[in-house]
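Here is a short set of exercises to work through with the model open beside you. Try each task on your own before reading its solution.

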Amino acid sequence: MKLGARLIALILVLSFTIVLTKAEVITLTPETFSDKVKEKDTAWFVKFCVPWCKHCKKLGNLWEELGNAMEGDDEIEIGEVDCGKSRDVCTKVEIHSYPTFKLFYNGEEVSKYQGKRDVESLKTFVVEETEKAAEKAQLEDKEL
């Protein structure tokens, strides 16, 4: 195989990998938000942003990196809502500033993240809060 053909093959593989990487973050819309966050025994960690926000832009690829870090964890989904396009969703869940990060479990908002903005801190938060929410849900199920 010639060098040019190898280079093209490598570019295609890298492009495909980038597409797969971005798929770890699920874009939620007014049509999908409620159904998704209500999924039983599933936590949704959602970033609420608008394209014009300088603080949202400053996050760069942080949310995609978090999605990759959480890959393989079936109980935790990473989502995002564009409040410019999905204003109704953002109003319903009381988003007043950008970016806002909220964790939902079984359709209920369980906590709002306000810590450091790095993958490890976000991952630690979402795992710990999901465990607490799952334990609480199990206790509530036993009481019924």
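Buried means under 20% relative accessible area, exposed means over 50%, and partly exposed covers what lies in between. Keep these cut-offs at hand, and bear in mind that the model is predicted.

**Exercise 1. Take stock of the fold and of the confidence in it.**

Task: find how many helices and strands the protein chain has, and which element has the lowest mean pLDDT.

Solution. Start by counting: the chain holds six helices and five strands. Next, walk along the sequence, where they follow the pattern α-β-α-β-α-α-β-α-β-β-α. Then turn to confidence. The mean pLDDT of the chain is 87, with 83% of residues at 70 or more. Among the elements, helix α1 (residues 3–22) has the lowest mean, 47, while β4 has the highest, 98. Over residues 12–23 the pLDDT is below 50, and this stretch has two contacts in the model beyond near neighbours in sequence.

**Exercise 2. Classify Gly84 and find what it meets.**

Task: decide whether Gly84 is buried, partly exposed or exposed, and name its contacts from farther along the sequence.

Solution. First locate the residue: Gly84 sits in the loop between β3 and α5. Its relative accessibility is 38%, so Gly84 counts as partly exposed. Now leave aside neighbours within four places in sequence; Gly84 is then in contact with Cys49 and Val50. Finally, compare sequence with space: Gly84 and Pro51 are 33 residues apart along the chain, yet their C-alpha atoms are 7.4 Å apart.

**Exercise 3. Check the length of helix α6 and see what covers it.**

Task: work out what span the 25 residues of helix α6 should have, and compare it with the model.

Solution. Helix α6 runs over residues 119–143. At 1.5 Å a residue, its expected span is 36 Å, and the end C-alpha atoms are 36 Å apart, so the two agree. At the N-terminal end, Asp118 acts as a cap, with a side-chain oxygen 3.2 Å from the backbone nitrogen of Glu120.

Now list the buried residues of α6: Val119, Leu122, Phe125, Val126, Glu129, Thr130, Ala133 and Ala137. A rule helps when reading such a list. An α-helix has 3.6 residues a turn, so residues three or four places apart point the same way. The cover over the buried residues of α6 includes β2 (43–49), α4 (62–69), β3 (76–82), β4 (100–105) and β5 (108–113).

**Exercise 4. Explore the core.**

Task: which residues have the most contacts inside the largest nonpolar core, and what does Val81 touch?

Solution. The largest nonpolar core has 37 residues, and those with the most contacts inside it are Phe33, Phe45, Phe48 and Val81. At least two residues of this core come from each of α2 (33–37), β2, α4, β3, α5 (87–92), β4 and α6. Zoom in on Val81, setting aside neighbours within four places in sequence: its contacts are Leu28, Phe33, Val46, Lys47, Phe48, Cys49, Ser86, Val89 and Cys90.

**Exercise 5. Place two polar residues.**

Task: are Lys47 and Ser111 buried or exposed?

Solution. Lys47 is found in strand β2. With a relative accessible area of 10%, Lys47 falls under the cut-off and is therefore buried. Its side chain makes a polar contact of 3.4 Å with that of Glu80. Beyond residues up to four places away in sequence, Lys47 touches Leu59, Trp63, Gly79, Glu80, Val81, Thr100 and Phe101.

Ser111 belongs to strand β5. A relative accessibility of 12% makes Ser111 buried as well. Apart from neighbours within four places in sequence, Ser111 contacts Phe101, Lys102, Leu103, Phe125 and Glu129.

**Exercise 6. Inspect the backbone in three loops.**

Task: find where the cis peptide bond lies, and where Asp41 and Asn106 are located.

Solution. The peptide bond from Tyr98 to Pro99 is cis, with omega near -10 degrees. Pro99 is in the loop between α5 and β4.

Next, look at phi. Asp41, in the loop between α2 and β2, has a positive phi near 60 degrees although it is a residue other than glycine. Asn106, in the loop between β4 and β5, is not a glycine either and has a positive phi of about 50 degrees. To finish, apply the cut-offs: Asp41 is partly exposed at 39% relative accessibility, and Asn106 is partly exposed at 24%.

Methods:
Residues numbered from 1 in each chain as written. Predicted model: local features only at pLDDT ≥ 70, side-chain atom pairs only at ≥ 80, totals over all residues. Heavy atoms only, no water. Helix = DSSP H or I, 4+ residues; strand = E, 2+ residues; numbered from the N terminus. Expected span 1.5 Å × (residues − 1). Buried < 20%, exposed > 50% of the residue type's maximum accessible area, 1.4 Å probe, protein only. Contact = heavy atoms within 4.5 Å. Polar contact = N/O pair within 3.5 Å; in protein donor to acceptor, adjacent residues only side chain to side chain. pLDDT = per-residue confidence, 0-100. Core = buried A, V, L, I, M, F, W, Y, C linked by side-chain atoms within 4.5 Å.
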